[in-house]
Amino acid sequence: MNFNLSEEHVMIQQAARDFAQNELLPEVIERDTHQTFPAAQVKKMGEMGFLGMMVDPKYGGAGMDSISYVLAMEEIAKVDASAAVVMSVNNSLVCAGLEKYCNEDQKMKYLVPLASGEVIGAFALSEPEAGSDATSQKTTAVDMGDHYLLNGTKNWITNGGTASYYIVIAQTDPEKKHKGINAFIVERGWEGFEIGPKEDKLGIRGSDTHSLLFTDVKVPKENRIGDDGFGFNFAMGVLNGGRIGIASQALGIASGAYELALKYAKERKAFGTEIINHQAIAFKLADMATQITAARMLCLKAASEKDQGKDISESGAMAKLYSSQVAMDTTIEAVQIHGGYGYVKEYHVERMMRDAKITQIYEGTSEIQKIVISRSIAKK
Ligand code: CAA
């Protein structure tokens, strides 16, 4: 087994690192404070190919592999976890879903602008009463012959206020339970489609999270993804890949906080020496470095399996479960190592601690990841 990155992978990693340092870092604290969406930076990410990284160039993508995606996501999330989630949702939940499951017409119309970064997309599954229990969709899509009539509310939708196209999951035939669920591509601006107020969040405050309200929205039949009743399986398939994106985001938050804590520990003096010379601090850093390395291996393993076309439900869930725990643990310790400085915005780690929490909640809570993993291992 060769753990070395290829020359191309190193180049992509370096490009993402430079972009994060030069374009994301300068105003990241202001964006967090004022909940400002990084519009100019996201546009640049599109130009760099970071919004459709794994999509075939014939559909506007950059044609890279999933390893490249993990490497770039880590670098972006190290500096700005909000920009990273915009990137993750557009790549993993929107573009990957469209490329894998849509017909040619849908790809040409929607995937091309999304993968090239001309516009961004959103994925609307969660509802006020259906987060973890994703089969309990209350949003309805009634079959009217040549179109569906969409009614309902979606909650906590990343890119909710900025997207141009939305993948919306809805129930068409409740009697069929998950086999009665469909997925649709819905355009911003369609009559009856309203975007709710922006959520005031604990973390990832630069990302744009809204509820979506649908009142008798006419969705043309050609905007349904796959066969009738395919929507739940579509969502599950997409989320398997999405978990690699969020795992990489969590990994980036952890490694960003670790790098800052290490630097601080080498500079800050207490009791006559740099604090890294005190075992109380050095051991924390040793734990962080070990856990981050393990999380990175899980992310890269899941990505490698995805590139090989293997079933990634288990490896993606493991990567997300572990990396999000490492993000939480590492950021808490990074604040502790910084002492009083860690508690103020200027030193970044308090933001990272707030940003880390969501990685244990969205795209399936940690408990959901354990359901996915335990079901998979029970089958073996
Ligand atoms: N991969 C592929 N298929 C899967 C799957 C997986 N991981 N998990 C379930 N399925 C399939 C099953 O095979 C079954 O299909 P068939 O009937 O065709 O065989 C179907 O889905 C139903 O399966 P279950 O009976 O196991 O379903 P369940 O009701 O027990 O739920 C669950 C399974 C894993 C808990 C699922 O509900 C789930 O993943 N919930 C979490 C949803 C989630 O992640 N929400 C996040 C929203 S998106 C988001 O957060 C985006 C953002 O803003 C960043």
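These legends accompany several close-up views of the ligand and its surroundings in a predicted model.

**View 1. The ligand sits in the largest pocket.** Welcome to the ligand's home: 25 residues surround it. The closest of these are Thr158, His178, Lys179, Asn240 and Arg375. Sorted by class, eleven residues of the shell are nonpolar, ten are polar and four are charged.

**View 2. Polar contacts link the ligand to Ser132, Thr158 and Gly364.** At Thr158, an N or O atom of the side chain is 2.7 Å from an oxygen atom of the ligand. Two other residues take part through their backbones: a polar backbone atom of Ser132 is 2.8 Å from a ligand nitrogen, and a backbone N or O atom of Gly364 is 3.0 Å from a ligand oxygen. Taken alone, the ligand exposes 1,100 Å², and the protein buries 74% of that area.

**View 3. Helices H5, H7 and H11 and strand S3 each supply at least two residues of the shell.** Look here for H5 (81-101), S3 (147-158), H7 (231-267) and H11 (366-378). Helix H7 gives the largest share of the shell, with six residues.

**View 4. The ligand lies between domain 2 and domain 3.** Why between these two? Domain 2 (122-231) and domain 3 (236-378) both give residues to the shell, so the ligand lies between them.

Key. Residues are numbered from 1 along each chain as its sequence is written. This is a predicted model: local features need pLDDT of at least 70, side-chain atom pairs count only at pLDDT 80 or more; totals for chains, interfaces and linings use all residues. Side-chain values use heavy atoms; hydrogens and water are left out. A residue is near a molecule or strand if one of its heavy atoms lies within 4 Å of it. A polar contact is a pair of N or O atoms within 3.5 Å; within protein, one must be able to donate a hydrogen and the other to accept it, and residues adjacent in sequence count only if both atoms are side-chain atoms. Accessible areas come from the Shrake-Rupley method with a 1.4 Å probe; for residues, only the protein chains shown count as cover. On a 1 Å grid over the protein atoms alone, a cavity is a set of points where a 1.4 Å probe fits but cannot get out, and a pocket is an open set with protein on both sides within 12 Å along at least five of seven lines; lining residues have an atom within 4 Å of a point. A molecule sits in a cavity or pocket if more than half of its atoms lie within 2 Å of its grid points. Helices (H or I, at least four residues) and strands (E, at least two) are DSSP runs, numbered from the N terminus. Ala, Val, Leu, Ile, Met, Phe, Trp, Tyr, Cys and Pro count as nonpolar, Asp, Glu, Lys and Arg as charged, and the others, Gly among them, as polar. Domain bounds come from an automatic or database domain assignment.
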